[in-house]
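Colleague: Could you take me through one part of this model closely, namely how its helices pack against each other and where charged side chains pair up?

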Amino acid sequence: MAAADPQVLALAAQITESREQDIPLLLLKLKGILSSPFLGCEESNKIKQDIYDYGLTQYCLLVLKQDHSQLHGAWATAAQLAEILSHCCVGLEVKEDPEEFYKKFLPSAIDSLLVLGKRLQARFIRAIKEKEKQDFLHWFQIVTDAICWLFGGHIQLAACVLQNDRFLQLLITDDVETAIIMMSVLHNILRINSSVLLQVEEETLHSVLDELVYKLSSTTNPAVGSAATKLLLLVAKFCKQLVQLFTARYKGLKGLLSKQWTGKGFDREVNQLLDLLYLEQSSGKGGMQNQHQAASIIQAAWRGFQTRKRLKKLPQAVITLQRSFRAKREQELQHLTKQKEDEALKLQMQLQRQRAMRLFHERQLALLEVVHASRVNKYMQEMEEKSALTIQRFWRGYRARRIFHQQKQSLKEYKAAVIIQRAACKFLEKRRRRRPLSPWKEPKGLSDEQRLALQQKVDDYIKLHPASQMSEEMSKELHMQAQAKLAQFLLRSRLDQRAAQRREALLAQVNTDVELLMKRLPVTCKSLWRLMQEDRRVTRAVLAVGQKNVRSVTGESHRGVPRWPV
């Protein structure tokens with residue numbers, strides 16, 4: 001047995017160790033392996049055999065059966081995987097268990113590809129933006145090409161594609177682009193296997209032909225008409241016995257072709273199809289033939305309409321059925337849950353009653369043992385009276401609550417009436433207390449005598465409180481004095497700062513010398529330490545005196561001397 005391809009082996013190992021959501025992206029690497037330019041025919045078939053043996057082809061099929069919207073890359077990834085799956089299956093010859101491959105795997109692959117195509121077609125029809133429509137149409141084209149490539153490599157799959165219900169659903173559409181693509185797929189099927197229409201069931205054959213005739217009768221698009229006409233001509237050429245079916249089932253087809261589709265750009269195909277139909281049936285039947293033609297057109301249109309209507313209602317019916325089923329199941333589950341809760345509550349209440357009765361009887365027996373025999377009757381009478389009082393109390397409470405609930409509405413109405421009456425009384429009282437407003441009166445102006453008296457008071461106040469005034473010479477003199485004081489203070493502060501720096505340097509030098517002496521002369525450490533402490537005290541005293549002088553100078557400069565701008 002030849003060794004497996006190292007790229008396929010490495011990819012299989014990587015997929016085995018990867019997470020499930022990463023598998024689709026890894027499977028896309030098969031496209032690069034299969035499209036290598038250095039591969040010949042035998043090497044390509046060997047790689048496809050290795051891919052199938054290691055289960056990578058089965059992985060592609062499983063991924064296509066999943067929800068495509070949840071994949072990385074969504075529909076683009078699904079379309080590429082469909083193309084990879086078709087390329088992996090074409091040219092593959094399985095020797096071990098071929099029945100599993102040809103009878104189960106390939107039909108399952110065709111079904112998955114048709115399901116993907118149906119979903120892409122629905123998304124394309126529902127899309128609004130032009131970019132989305134182009135993308136979905138491109139992916140739909142890729143999937144249909146993969147289907148054509150697959151049944152082109154395995155001819156027996158042509159009948160499987162044609163008999164699949166989803167193929168008919170894809171073909172029955174009012175959309176022009178997807179309808180043309182599906183008719184091209186049908187054209188490839190007939191070109192590869194010309195006798196496939198004789199192998200399928202009669203109902204499937206009639207559905208396909210009805211749809212083609214319906215497209216000719218219901219549309220005016222030249223592209224759709226050309227594709228449908230070419231398909232009918234191909235069917236008539238390859239299957240001569242189906243021409244009789246055309247003339248018998250669609251008696252108005254000749255008139256439809258000659259009147260509606262002549263001069264549309266494909267007259268050659270129309271004339272060829274008309275010639276085949278006229279050879280099968282003579283054209284001299286007058287009014288009866290016209291009636292049959294009209295009836296055939298009506299029947300084809302009606303069948304197409306009914307089929308479309310049924311297919312459109314099918315998803316809604318399924319959704320309605322699922323919704324009703326879920327609602328019924330939820331209702332049943334709620335009923336069962338409520339029934340179980342009621343049964344548990346009844347059981348719990350029964351147990352509580354039994355426990356209470358047992359405790360009551362035990363308490364009575366214990367009291368009877370304690371109470372003297374002569375006092376038993378009296379005790380029992382007291383217990384009966386207490387029980388009667390308890391029953392009466394509960395009964396009165398129940399009756400009072402019932403009466404209260406009965407009178408609750410009347411009590412609410414009474415309170416509402418009281419609130420309305422109180423508001424009305426307040427409103428009337430405010431109206432009674434309200435007084436009419438007096439008319440507007442302008443303020444009286446000052447007389448001449450009052451104005452003279454007020455001016456006299458102002459003059460007297462100004463005389464008693466004169467404003468302080470200073471001449472310009474006094475202001476300049478005060479300014480010069482302040483400048484001199486400030487210059488003197490700045491000079492002294494600089495001198496004091498230099499002296500402080502010099503003292504700090506001397507102190508640092510003294511401390512260094514003392515430390516050196518202490519290391520060399522340990523006997524005189526104490527005396528030197530005292531000298532150093534004394535020197536520090538003197539220095540601190542000198543600094544304190546200097547700071548005091550500085551404060552006195554700043555106080556003199558700021559005390560009593562106003563600030564004037566320079």
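Modeller: What follows is a look at two helix contacts and then at the salt bridges. The model is a predicted one, and the description should be read with that in mind.

I begin with helix α6 (residues 74-89) and helix α8 (residues 130-153), whose axes lie 9 Å apart and pack at an angle of about 15°. Because angles under 35 degrees count as roughly parallel, α6 and α8 are described as roughly parallel to each other, and their crossing is left-handed. On the α6 side the contact involves Trp75, Ala76, Ala79, Ala82, Glu83, Ser86, His87 and Cys89, which meet Phe136, Trp139, Ile142, Val143, Ala146, Trp149 and Leu150 of α8. Sorted by character, the residues of this contact comprise twelve nonpolar, two polar and one charged.

The second contact joins helix α11 (residues 176-192) and helix α13 (residues 202-218), whose axes come within 13 Å and cross at roughly 135°. That angle makes α11 and α13 oblique to each other, and here too the crossing is left-handed. Ala179, Met183 and Leu186 of α11 make the contact with Val208, Leu212 and Lys215 of α13, a set that divides into five nonpolar residues, no polar ones and one charged. Lys215 also belongs to a network of salt bridges that links it with Asp174, Glu211 and Arg308.

Across the whole structure, a search finds ten salt bridges, and several of them can be placed within individual helices. In helix α7 (residues 98-126), Lys104 and Glu100 are four residues apart and so separated by about one helical turn, and their side chains meet in a salt bridge with an N to O distance of 3.8 Å. Lys104 is exposed, at a relative accessible area of 55%, whereas Glu100, at 35% relative accessibility, counts as partly exposed.

In helix α19 (residues 376-433), Glu429 and Arg432 are three residues apart, again about one helical turn, and the closest N and O atoms of their salt bridge are 2.6 Å apart. Glu429 counts as partly exposed at 28% relative accessibility, while Arg432 is exposed, with a relative accessible area of 59%.

Helix α21 (residues 472-520) holds Lys476 and Glu472, four residues apart, about one turn of the helix, and these two form a salt bridge whose closest N and O atoms are 3.7 Å apart. Lys476 is exposed, with a relative accessible area of 51%, and Glu472 is exposed as well, at 54%.

Key:
Residues are numbered from 1 along each chain as its sequence is written. This is a predicted model: local features need pLDDT of at least 70, side-chain atom pairs count only at pLDDT 80 or more; totals for chains, interfaces and linings use all residues. Side-chain values use heavy atoms; hydrogens and water are left out. Axes are lines fitted to C-alpha atoms, for helices over the stretch in contact, and angles run from 0 to 180 degrees between N-to-C directions. Angles under 35 degrees count as roughly parallel, over 145 as roughly antiparallel, 65 to 115 as roughly perpendicular and the rest as oblique. A crossing is left-handed if the near helix is turned anticlockwise from the far one by less than a right angle, and right-handed if clockwise. Contact means heavy atoms within 4.5 Å. Ala, Val, Leu, Ile, Met, Phe, Trp, Tyr, Cys and Pro count as nonpolar, Asp, Glu, Lys and Arg as charged, and the others, Gly among them, as polar. A salt bridge is a side-chain nitrogen of Lys or Arg within 4 Å of a carboxyl oxygen of Asp or Glu. Buried means under 20% relative accessible area, exposed over 50%, partly exposed in between (1.4 Å probe, protein chains only).
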